[in-house]
Amino acid sequence: MKRIIQGATLELVQGDITLQEVDAIVNAANRSLASGGGVDGAIHAAGGPSIMAETRKKYPLGCPTGSAVISGAGQLKAKYVIHAVGPVWRGGDRQEAELLAGAYRRSLELALEHQCRSVALPALSTGAYGYPMDQAARVALQTVRDFLAGHGRPELVRFVLYDDRAYRHFAAALEELIPEESAKKD
Ligand code: AR6
């Protein structure tokens, strides 16, 4: 499923983010940039130890929730890994939506600062951090839509959803936010 926003493509696919052939892959990291499971475990396993060695050296204090930092991508096909820290879900009244939006926004800013033309994003916070998928999908897509509407870049932003359930939630949210008919008129 795809939408064009200011000439840039916003795409949803189902798959494994570590296999994406894009300039930058976004990781679902934690504040201390310590290794974990989920997307993080898969990225470090596939990319090798150089990624962690670099983040330890460059970001000894880690990364605040709602933001992101960038490193090389080791053995991955991408050029960069952007380590984004989404919030832990605590019921929805602890600024989770703002923090989640901030993590996506900073990731896209870093991608532009490093001349990335294509970026793959996971559904941040929806695994170990417990963010409800339907709400996370809306925040994620709104944030990327607004960023692309303002910048027209990166040329390709691809959400890589791991399973069918995640894909269905993102597809429904995208159809709600940017109905296909309105997208055709742009
Ligand atoms: N490709 C794409 N999506 C994936 C993959 C994959 N290979 N593997 C899992 N997902 P999570 P979080 C989906 O837990 O909630 C880590 O331990 C998964 O189904 O990776 O932000 C970190 O170190 C879910 O929908 O990230 C942190 O401590 C989504 O990606 C903490 O977990 C995010 O799940 C971050 O938790």
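**Notes on helix H4**

1. A good place to start is the inward side of H4: Met133, Ala136, Ala137, Val139, Ala140, Leu141, Thr143, Val144, Phe147 and Leu148 are buried (under 20% relative accessible area with a 1.4 Å probe, protein chains only). Please keep in mind that this is a predicted model, where local features need pLDDT of at least 70, side-chain atom pairs count only at pLDDT 80 or more, and totals for chains, interfaces and linings use all residues. Residues are numbered from 1 along each chain as its sequence is written, and side-chain values use heavy atoms, leaving out hydrogens and water.

2. H4 covers residues 133–151 and reaches 27 Å from first C-alpha to last, close to the 27 Å expected (1.5 Å times one less than its number of residues). Helices here are DSSP runs of H or I with at least four residues, and strands are E runs of at least two, numbered from the N terminus. Just after H4, Gly152 has a positive phi of about 65°.

3. Among the elements covering the buried residues of H4 are strands S1 (2–5) and S7 (156–161), as well as helices H3 (96–113) and H5 (164–177).

4. Now to H3, which packs with H4 at an angle of about 40°, their axes 9 Å apart (lines fitted to C-alpha atoms, for helices over the stretch in contact, with angles from 0 to 180 degrees between N-to-C directions). This makes H3 oblique to H4 (not under 35, over 145 or 65 to 115 degrees). Their contact (heavy atoms within 4.5 Å) includes Leu100 and Tyr104 of H3 and Val139 and Phe147 of H4.

Methods:
Buried < 20%, exposed > 50% of the residue type's maximum accessible area, 1.4 Å probe, protein only.
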